[in-house]
Amino acid sequence: MVNYRRYKIPGGIYFFTVTLHDRNSNLLTEQITLLGNSMRQIRKDHPFKTRALVIMPDHLHCIWELPENDDNFCIRWQKIKSNFTNKVKNKNINLSKNKQGEYNLWQRRFWEHFIRDEKDLVNHIHYIHYNPVKHGLVKRVADWPYSSFHRYVQEGLLTREWGSDQDEGEFGE
């Protein structure tokens, strides 16, 4: 069995990619309210600050800042995934089970990257915000509703036209 090593720093800032098992699904955007409720509910007991976020049909990217004395992002993702799965089941949305009797909603693991410095942070924020354009879901970043991009525009950190003239290779992973 592969032994995954995660770089854990209390109070660290991390980029995450979390993906549904079915890459053709659009459940995350169809059930965006349930996902948001799950994230808010878990954040009450396991705080984190969301620096950037984009919800795609079958995956999400985000940047979290953990509390100063806490490095356990794994428990947060486990609880968010479990909470969302239960909310989906309660809506009588059909979910299949694997051989172990677990629901096949999420991929078991997730990708994380420790943000090293301000340039790394900015590059990953831009990657997150540009992702719907990269995947061909919209022509302009501003046209995707499920993104922290709109908060960045409201706060004056980005213009509404940001990303319109970008080459997708200019930022991110």
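The exchange below covers cysteines, salt bridges and one histidine in a predicted model.

Biologist: What kind of model is this, and how are residues numbered?

Modeller: This is a predicted model, in which local features need pLDDT of at least 70 and side-chain atom pairs count only at pLDDT 80 or more, while totals for chains, interfaces and linings use all residues. Side-chain values use heavy atoms, with hydrogens and water left out, and residues are numbered from 1 along each chain as its sequence is written.

Biologist: How many disulfides does the structure hold?

Modeller: A disulfide is a pair of cysteine sulfur atoms within 2.5 Å. The cysteine sulfur closest to that of C62 belongs to C74 and lies 13 Å away, which is too far for a bond. The number of disulfides in the structure is therefore zero.

Biologist: Is C62 buried or exposed?

Modeller: Buried means under 20% relative accessible area, exposed means over 50%, and partly exposed is in between, with a 1.4 Å probe and protein chains only. Because the relative accessible area of C62 is 0%, this cysteine is buried.

Biologist: Which residue does D58 meet in a salt bridge?

Modeller: A salt bridge is a side-chain nitrogen of Lys or Arg within 4 Å of a carboxyl oxygen of Asp or Glu, and the structure holds six of them. In the one formed by D58, the N to O distance is 2.7 Å, and the partner is R23.

Biologist: Where in the chain do D58 and R23 lie, and how many residues apart are they?

Modeller: Helices (H or I, at least four residues) and strands (E, at least two) are DSSP runs, numbered from the N terminus. D58 is in the loop between β2 (49-55) and β3 (59-65), whereas R23 is in the loop between β1 (13-19) and α1 (27-30). The pair thus links distant parts of the chain, 35 residues apart.

Biologist: Is R116, the salt-bridge partner of D120, buried or exposed?

Modeller: The closest N and O atoms of D120 and R116 are 3.6 Å apart. D120 counts as buried at 6% relative accessibility. R116, by contrast, has a relative accessible area of 58%, so this arginine is exposed.

Biologist: Which residues does H129 touch, not counting those up to four places away in sequence?

Modeller: H129 is found in helix α4 (residues 118-134) and, at 0% relative accessibility, counts as buried. With contact meaning heavy atoms within 4.5 Å, the residues touched by H129 are A52, V141, S147, S148, F149, Y152, L158 and W162.
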